[in-house]
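Me: Please take a close look at one pair of neighbouring strands and the helix that links them. After that, walk me outward through the rest of the model, with the cut-offs explained as you go.

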Number of protein chains: 2
Amino acid sequence: MTIKIGIMGYGNLGRGVECAVKQNKDMELVAVFTRRDPASLKIQTPNAVVASVADMAAYKDKIDVLILCGGSATDLPEQTPEAVKLFNCVDSFDTHARVPEHFANVDAAAKEAGHVGIISVGWDPGMFSLQRLYANAILVNGKDYTFWGRGVSQGHSDAIRRIKGVKDAKQYTCPVPAALEAVRAGENPDLTTRQKHTRECYVVLEEGADAARVEQEIKTMPNYFDEYDTTVYFISEEELLANHSGIPHGGFVIRSGNTGWNEETKHVIEYRLQLESNPEFTTCVLVAFARAAYKLAKEGQSGCRTVFDIAPAYLSAESGEYLRAHLL
Amino acid sequence: MTIKIGIMGYGNLGRGVECAVKQNKDMELVAVFTRRDPASLKIQTPNAVVASVADMAAYKDKIDVLILCGGSATDLPEQTPEAVKLFNCVDSFDTHARVPEHFANVDAAAKEAGHVGIISVGWDPGMFSLQRLYANAILVNGKDYTFWGRGVSQGHSDAIRRIKGVKDAKQYTCPVPAALEAVRAGENPDLTTRQKHTRECYVVLEEGADAARVEQEIKTMPNYFDEYDTTVYFISEEELLANHSGIPHGGFVIRSGNTGWNEETKHVIEYRLQLESNPEFTTCVLVAFARAAYKLAKEGQSGCRTVFDIAPAYLSAESGEYLRAHLL
């Protein structure tokens, strides 16, 4: 008996889920659903089918959990509440401001259908959120810090690519080492945006483009770059391909706090991720929570959940006895 | 409506729970139970009572959760299964080999009484266990490392104190920096006991004791020191008091693993604790899980649980809406 997985959308996340399912022996990929022509899509898993999103209902009883791999801006707000009518679902919705609305929509549809929908799964939101929650529950009197990077920001890379004269670009977000050290040392510093992160841009120019003007446009771009110390490197297309084609990311969640009758004792909790591929790691988290969705549904539960609502043991393929004997 | 807490045992852990309860506005310390003469015990909380363990049953309806602060060797195996007949309970049982037996005993008693008992709560077992579980569920193909320290090992300090000629001693367990860096770099090294940790001993001799003999006895002590590189410092009683009276601890849980269709992509997950006081941090974890025990019991659940079985939101005093809005 394996957990039958469906994937909706076959971009970086969809391909990552496919790899992650292969690593999990209690799971099996049944189908990849696409909005493109299914015949045009080649997947790697031998016995899985590629089907049109339009035919998804036909798989209602063949799939235990559907993992949605679309974007948070327009795909998931529509797709997850619809899909959860047919399947237990997991998505990586990451627009923080719209979480309450998305939660309510998925919850209503999931309860009516008797399915489980787990939203906002990944590393931030996701594992970073879990670390913030645990650390806040333990160190009641404390201060939270999140540093991202060194890693590629897709949004910032896209923003550079929209500048006239730019052929291609990659942007790295980097924590400022001195700020990180101060936080780690329990100094509880107050840090401005500029003091926490720097931005590194690797830019390929169109022929004849004005490098000085492009650099100026990047560094002064409101919201994206104007509040940061930004460094721009102009490189060749070959160099971008050779050295900057990966999608690494990661970061740090740190909480420092005080305990004791007079709050005289200091503690620092730190969680760090170093990821060679942001989407591949995200999808490993999605797949672990897909297992949880499966188990919760088997118990007869329904409705929307986040990572906060799932007991950790549900993520594991091992029994309670095994976990207590080997990981406790 | 506050959560009414009882403490059993008023050593380092008991005093730590008292401080932690003070920091949590939704909690109230009702009573400290002791095996000593209650009149001999002075606690810090103005309106809490000190009572004899023999009178515990009289508090059955006045306490929501009892936090057991005894030792794992002889206290908790007896006390938790007994106490859970009267109260929801949380303990910090840390004898790994005896967890299955303790779990079964607490589970049977808790189910019969309709109470919740959460065992093995703290940081290891506890928060470190949680990190191992999450990291294993996410990175299926990987390797686990746990480093402890720099911190005081009570067991090793006691072992030194039992040597003839030793008046007092403190032992620090220290991770080996090179090993830690290799693990962090994702090199997946195979490490021997000696390669992972060193041991530092600060020893006060009795007058006239033979330092060379004591040092030799320490360094060759089976199980405790013989497999480690150990350094022994002989210091005065004044220096031990001035510089080594704290109980700091901490450590690292790291899992590195690979993803991708051919497992070609590397990731490293790291969790680090830096604790100025081992018992004060442990008790903050105990108190957060006491809140979980209270909520689970309110839902009508009963039986034994570990940290693996508790959804993280149960640890927090905040609502699901608040958590999704602020920590997700």
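Reply: Let's start with strand β10 (residues 197-205) of chain A and strand β11 (residues 229-234) of chain A, which run parallel and are joined by six bridges. Two strands pair here if DSSP finds at least two bridges between them. Helices (H or I, at least four residues) and strands (E, at least two) are DSSP runs, numbered from the N terminus. Within this pair, Cys201(A) has Val232(A) of β11(A) as its bridge partner.

A word on the ground rules: this is a predicted model, in which local features need pLDDT of at least 70, side-chain atom pairs count only at pLDDT 80 or more, and totals for chains, interfaces and linings use all residues. Residues are numbered from 1 along each chain as its sequence is written, chains are lettered from A and ligands numbered from 1 in the order in which they are written, and side-chain values use heavy atoms, with hydrogens and water left out.

Now add helix α8 (residues 211-219) of chain A: together with β10(A) and β11(A) it makes a right-handed β-α-β unit. Right-handed means that, with the strands pointing away from the viewer, the path from the first strand over the helix to the second runs clockwise.

On this helix, Lys219(A) forms a salt bridge with Glu215(A), with 2.9 Å between the closest N and O atoms. The rule for a salt bridge is a side-chain nitrogen of Lys or Arg within 4 Å of a carboxyl oxygen of Asp or Glu. Both residues lie in α8 of chain A, four residues apart, about one turn of the helix. An α-helix has 3.6 residues a turn, so residues three or four places apart point the same way. Lys219(A) is partly exposed at 32% relative accessibility, and Glu215(A) is partly exposed too, at 25%. For these words, buried means under 20% relative accessible area, exposed means over 50%, and partly exposed is in between (1.4 Å probe, protein chains only).

The count over all chains comes to 38 salt bridges. In chain B, Arg132(B) is buried at 10% and forms one with Asp124(B), at 2.8 Å between the closest N and O atoms. Strand β10 of chain B has its own example: Glu200(B) pairs with Arg150(B) at 2.9 Å. This salt bridge links distant parts of the chain, 50 residues apart, with Arg150(B) in the loop between β7 (142-148) and β8 (151-152) of chain B and Glu200(B) in strand β10. Arg150(B) is partly exposed at 42%, whereas Glu200(B) is buried at 18%.

Next comes a sheet shared by the two chains. Its six strands form an open sheet in the order β7(A)-β12(A)-β13(A)-β13(B)-β12(B)-β7(B), with antiparallel pairing. The β7 strands of chains A and B stand at the edges with a single partner strand each, so one side of each has no neighbour in the sheet. On average, neighbouring strands are turned by 10° against each other, direction ignored. In chain A, β12 (residues 249-259) and β13 (residues 265-275) pair in the antiparallel sense over eleven bridges, and Gly257(A) has His267(A) in β13(A) as its bridge partner. Helix α10 (residues 278-298) of chain B packs on this sheet, touching β12 and β13 of both chains, and its direction makes about 70° with that of β13(A). Contact means heavy atoms within 4.5 Å. Axes are lines fitted to C-alpha atoms, for helices over the stretch in contact, and angles run from 0 to 180 degrees between N-to-C directions.

How do the chains meet overall? Here 65 residues of chain B are in contact with 65 residues of chain A. About 6,300 Å² is buried between them, of which carbon and sulfur atoms give 64%. In chain B, Gln23(B), Trp261(B) and Leu328(B) lose the most area to chain A, together 15% of what that side buries. Buried area is the accessible area (1.4 Å probe) that two parts lose on being put together, summed over both. The count of salt bridges between chain B and chain A is zero.
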